[in-house]
Amino acid sequence: MIIDLHAHLGSWHDFLLPEPSSEWLLRTNERVGIGISCVSHLSAIAFDARHGNALALAAAEGNPGRLAVWLTVNPHFDDIGFIREHLAHPMVWGLKLHPEVHQYPVTGPRYEPYLRMVEEAGLAVLSHGETRTPWSTPADVAEVARRHTNTFLLGHAGLLADSIDQVAVLAATVPNLYAELSGSQLTHPFIERLVEGVGEEKVVFGSDACFLDQRWGVGRIHYSNLSGEAKAKIFSGNAERILDAMGRKLQ
Amino acid sequence: MRVIDTHRLLGPVPTGPAPSTVSALIDRMDRLGIDHAVVTPSWHVFGDPRAAGEYDQQIGDLSHRRLTVVPCVIPSSVRGAGIGPPAEARIVRACPVRHRFDLMARPGREVWAGLAATGRVLVLDAMEMGLSAIDALCKAESELKVLVVNLRYREVRRGLELLIAHPNLILEMGTLNSAGAVEFMVEHVGADRLTFGTGAPLHDDGGARFALDHLFVGDDEVELMAHGTWERFTGADDDH
């Protein structure tokens, strides 16, 4: 069973997403062997975190064991109470940060209260990662991970192929930092290079559905030259270990 | 099921690893279950197509029965400044941005009209040149057969409009990688307007190939995308 640690629900403003629903996501998951997706709602990222988080929670509650939730944090708003309350929800796996959309650096102080909360809850953080931006470069996400003890997932493994060697070094040297593989930029030779550099224990699968289609994400690993053991760890083994440490049980 | 990859580069590219020889490409195709690939040699795209012959022989047997080579053209009214379509090529590619020429200037218009008159196919990269330029060309040369590659997930809406507007245009579907984009296109324009391609090595071929086997469309529609649309469009049945 594949565990998708980076997925979304909902539509998006600047291009057409043909299938933004949880029904489509789950139907496609079933088709390709994804057992559970941890989602944030795109409306939470785009304009209203509390509204989108509520939609994501409702979708997960309607699909127990098949959807989990990243609660989106927008650092420009005070959502401390909402986030604190819902971090205790058993279907919540942690926080989603999108410093790029919110135009606020992941290293900035407005994220810190949320990051302390999620650390205390023992849950994870999935941050958008993007090479050469002012907001959340791989080095920035690694810096924040160093300040905390909980798991940090570097979204898209930094997004661009030319940062793969840097991401490998960062994920290898920061114990609680993992490279998450979603994105349309990385081809299998770069994923293989990343795994060779950091080790197969520090790389996890994400699809970025419904932004992207999870069939492409699964196929990229499936047809890569990684060993069967490495693929199993990336698809599920590493995520199971992270979830077990968080006290989140899969059904 | 016969699978034709209608969008692939063969050879080294500046941004990363790629199968650089014919034999390496055939090995990768075997791994993916791809029977035939329509390839533009990378040195036609990233090098000067006028000098491509110098490199062609180094890479292996480009006449391999499982490959169809798509050369690049550069229209020019000045002898030696461009390169026209080889007589034997049924499919050619144009990179007007990368190779810096005017798609709609007179030398280009003459080449495109010649392709249209002989039923040959022109391949255009949506991300390189933009959909407005493709639209303008298709309006000006309505009989020209055009394969648009590399549309990608952000341009589903405009790509659909392009397909509706221009019946002689088909779209490579391997880079349509947002959730349900292929099914959406099939529903609105039909699988006979879509053809499988990977965009490799600039895009991952495994993702597109895996997706082809896991679509929510009928078997007949998958067959069309896998090979039927392309064979019908190009008359390429004799490539088997």
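**Close-up views of a predicted model**

**View 1. Two cysteines of chain B sit apart without a bond.** The closest cysteine sulfur to that of B:C72 belongs to B:C95 and lies 4.0 Å away, too far for a bond; a disulfide here is a pair of cysteine sulfur atoms within 2.5 Å. B:C72 has a relative accessible area of 2% and is buried (buried is under 20%, exposed over 50%, partly exposed in between, with a 1.4 Å probe and protein chains only). This is a predicted model, where local features need pLDDT of at least 70, side-chain atom pairs count only at pLDDT 80 or more, and totals for chains, interfaces and linings use all residues. Residues are numbered from 1 along each chain as its sequence is written, chains are lettered from A and ligands numbered from 1 in the order written, and side-chain values use heavy atoms, leaving out hydrogens and water.

**View 2. A:C210 is a buried cysteine outside any disulfide.** Over all chains, the structure holds 0 disulfides. For A:C210, the nearest cysteine sulfur is that of A:C38, 14 Å away. The relative accessibility of A:C210 is 2%.

**View 3. The surroundings in chain A are rich in buried residues.** Of the 251 residues in chain A, 66% are buried. Among chain A contacts with a separation of 6 or more, 78% join residues 24 or more positions apart (a contact means heavy atoms within 4.5 Å). The C-alpha atoms of chain A fill a box of roughly 45 × 40 × 35 Å along the principal axes.
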